[in-house]
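User: I would like a close look at a single part of this model. Please keep the answer connected and plain.

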Amino acid sequence: MSLKFFAHFLFIFQVYISVFLLIIHLQFHFFEIAFLFYFFAGAKPMAAIFQGVGAAATLSSSPSNSFDSNNSVFSPLTSFSVRRGASFAVVRSDGILNLNPKGRRAQQLISNAVATKADSAASSSSSKPGHELLLFEALQEGLEEEMDRDPRVCVMGEDVGHYGGSYKVTKGLAEKFGDLRVLDTPIAENSFTGMGIGAAMTGLRPVVEGMNMGFLLLAFNQISNNCGMLHYTSGGQFTIPIVIRGPGGVGRQLGAEHSQRLESYFQSIPGIQMVACSTPYNAKGLMKAAIRSENPVILFEHVLLYNLKERIPDEDYICNLEEAEMVRPGEHVTILTYSRMRYHVMQAAKTLVNKGYDPEVIDIRSLKPFDLYTIGNSVKKTHRVLIVEECMRTGGIGASLTAAITENFNDYLDAPIMCLSSQDVPTPYAGTLEEVTVVQPAQIVTAVEQLCQ
Amino acid sequence: MALSYLRSSSSSSANLKLLSSAVSIRRPISTDTTPITVETSVPFTAHQCEAPSRSVETSSSELLNFFRNMALMRRMEIAADSLYKAKLIRGFCHLYDGQEAVASGMEAAITKKDCIITAYRDHCIFMGRGGTLLEVFAELMGRRAGCSKGKGGSMHCYKKDSNFYGGHGIVGAQVPLGCGLAFAQKYSKDETVTFALYGDGAANQGQLFEALNISALWDLPAILVCENNHYGMGTAEWRASKSPAYYKRGDYAPGLKVDGMDVLAVKQACKFAKEHALKNGPIILEMDTYRYHGHSMSDPGSTYRTRDEISGVRQERDPIERVRKLILSHDLATEKELKDIEKEMRKEVDDAIAQAKESPMPEPSELFTNVYAKGLGVESFGADRKEVRATLP
């Protein structure tokens, strides 16, 4: 009997304390009130209300074991369990109920990081109805057509043969052309890039794939000294018609070492050409032109662009390696971009058009040498330049392009060139931080507004 | 058919001595191809394969060719030494004297269709591949008549038509290139091989083992030749390599250790290696050789080794002296004739130097040629790079 009395006493005492604390915390913890209402709405007996209050009170105060033990005291008194209600909100350590609104916003940002559907560029499909495919299939088509056309073309890389390529760019090629033309290498970038260059010296046309561009840093000596310079140091005796390609750029939370942009490191190497593809049309065209070129070409692809779909022509076509692509002609400002940032720029362009601006968007495509002809004509028309790139700020493509434009077209500029690039940090793993590392469409809109004042 | 060592010295020497003393006509020894069998100085040491025999078949014409070529190479390197000290050659100059047997012996075993690629000590190998003295000296002095138009320098001699792929400055980087050459040979089913030369210093480069692994996997006809002159720049091999048995370092790849100062041993080993590589994939040859000069002209070569050591090797193992002794003992030429050949070589070298000095420096516009094929970066070509679309400003 005394035990029952003691339990009842504790209960009433507990309710008194809880209500007291609740009133004190009332102004700070509105969520608890919402919680309470939820309980009121669902609760029938008075005991349930008290239980709800008690539960809220225990949740609102700082976690301490004494209150927890009281929960177990509650349960034998009524059949109503404290844990009624599926949406038991996440409770942080300071007891504040948090329905996590920021998290939801973060989810939205990350989904925007993926490239949106390509705007049909003026130069993309011809008048003939072509066939639709994804960017990696376009690369594969280009590669296959060139391998059919010239028996000297071979492919070397990790997992390109039997596996079909880690991004499926070389899928089906090993079955079609055999092990001597599509070669699976061990994980030894320095040596297999060197071997590709040695083979190219004799006249073969290897296509060397780096599984991720960042791995080609291991082959930097071969690419810089042998690939780039042999034509010069041999007095023109040897040409190196090699293509080095691979995906790079910031992907979806791949981490710092797998999100590198190597165009800034390679751009100073004399003797190589660098191109960056951005649509299925120019991916196939650039791949074919690169293979046919007598010079060593580095083709930069982007991890997040492989699944872009576009309609491309059926007939044989090539994209000029040294030419930039006019994505959207305009009057007010020239926006120079390449690779994935093209899509961020086009997204920003939509907003800008709504705001009354008329940006001219050029995908520079050729990172070395720059197509100063197209760029120059554009600068002479608009007099304002904004460069949007995914490269690092220090020593990146944008920095070189700024210098080149200033040298050549300084008289035509009405405002200093603005350059938006990625932050000079290793790419963090956390999604929110990764977002801030690269240029977002909102920043592009702000920059254009600033530029056009 | 093959005359033994003893027989040849007894029979022909008596007749020939009689003839030469009676009538002082020059014997047409340079075209005599009667086979002579000579034993190499030391037997070959093999790893994972069967060593070839110690007896090498050669002929008097071949021996005299060896003498001639090696004397020329020696003279050329010594002349380069004086040119460097006279400041006509600048930068880096890596001299090959002492190692001539490797270049000569290798050439005797292969054809010009086989590829050779080496590092920066390349002047003599370039000569062996058919390069002229003028091309070498002009290149060393940076003149237009050089093999790379004066734009490469000492470390970048190339000769495409005789499949000599250089001439590379970065230690070890030429080995993957060499395996790539072997890959191309396999691809085009040429039945030729590639000799990728490197030094004992480069033998510790990772890319070498990577390339060897790929070559062994793909069965490429690549022969990796380690010219072990026992010093990697200024560091002795025992201080740089845990295992100085470079012919064994291929592990799964067979290897052969050769006395690199004996031109006939080199020839035998290269012949053996060529047959082996065409059937079984890569093989490593370690040439035990020695360089008299330092690593380069800026290295006196005596701070990490004693002068006694250098002169000792010169006395006992000099490649040219060995061939001279062979020729004299087989009575293929007299002492005086050999001296005349050396004088002739000296004259050739002097003439070539004089001619190279007259060659002009490259034009300033040559700075921009050969950066790209077809002079890129200045003009923008259309598709297929056939028509000029626009001239960039």
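How much area is buried between domain 1 of chain B and domain 2 of chain B, and what percentage of it do carbon and sulfur atoms give?

Analyst: The model is a predicted one. Between domain 1 of chain B and domain 2 of chain B, about 400 Å² is buried, and carbon and sulfur atoms give 34% of that area. On the side of domain 1, the residues that lose the most area to domain 2 of chain B are B:K149, B:K151 and B:P362, which together make up 84% of what that side buries.

The bounds of the two parts are as follows. In the domain assignment of chain B, domain 1 covers 35-362 and domain 2 covers 363-392. B:P362 is thus a residue of domain 1 by this assignment, and it is also one of the three residues named above for lost area. The C-alpha centres of the two domains of chain B are 38 Å apart. The contact itself involves five residues of domain 1 of chain B and five residues of domain 2 of chain B.

As for polar interactions, two salt bridges are found across this interface between the domains of chain B. A salt bridge joins the side chains of B:K151 and B:E366, with an N to O distance of 3.5 Å. B:K151 is also among the residues of domain 1 that lose the most area to domain 2 of chain B. Five residue pairs, both members at pLDDT 80 or more, are in polar contact between the two domains of chain B. The side of domain 1 that touches domain 2 of chain B consists of three charged and two nonpolar residues, with no polar ones.

The interface of chain A and chain B can be set beside this. There, about 4,400 Å² is buried, with 64% of it from carbon and sulfur atoms. In chain A, A:M195, A:Y232 and A:Q237 lose the most area to chain B, but together they account for 16% of what that side buries. The contact takes in 56 residues of chain A and 52 residues of chain B. Zero salt bridges are found across the interface of chain A and chain B, while 15 residue pairs are in polar contact there, both at pLDDT 80 or more. Elements of chain A that each supply at least two residues of the side touching chain B include strand 4 (153-157), helix 9 (220-233) and helix 13 (372-382). Helix 8 of chain A gives the largest share of that side, ten residues. By class, the side of chain A that touches chain B has 24 nonpolar, 22 polar and ten charged residues.

Technical notes. Residues numbered from 1 in each chain as written. Chains lettered and ligands numbered in written order. Predicted model: local features only at pLDDT ≥ 70, side-chain atom pairs only at ≥ 80, totals over all residues. Heavy atoms only, no water. Domains from an automatic or database assignment. Contact = heavy atoms within 4.5 Å. Buried area = accessible area lost by both parts, 1.4 Å probe. Salt bridge = Lys/Arg side-chain N within 4 Å of Asp/Glu carboxyl O. Polar contact = N/O pair within 3.5 Å; in protein donor to acceptor, adjacent residues only side chain to side chain. Nonpolar A, V, L, I, M, F, W, Y, C, P; charged D, E, K, R; others polar. Helix = DSSP H or I, 4+ residues; strand = E, 2+ residues; numbered from the N terminus.
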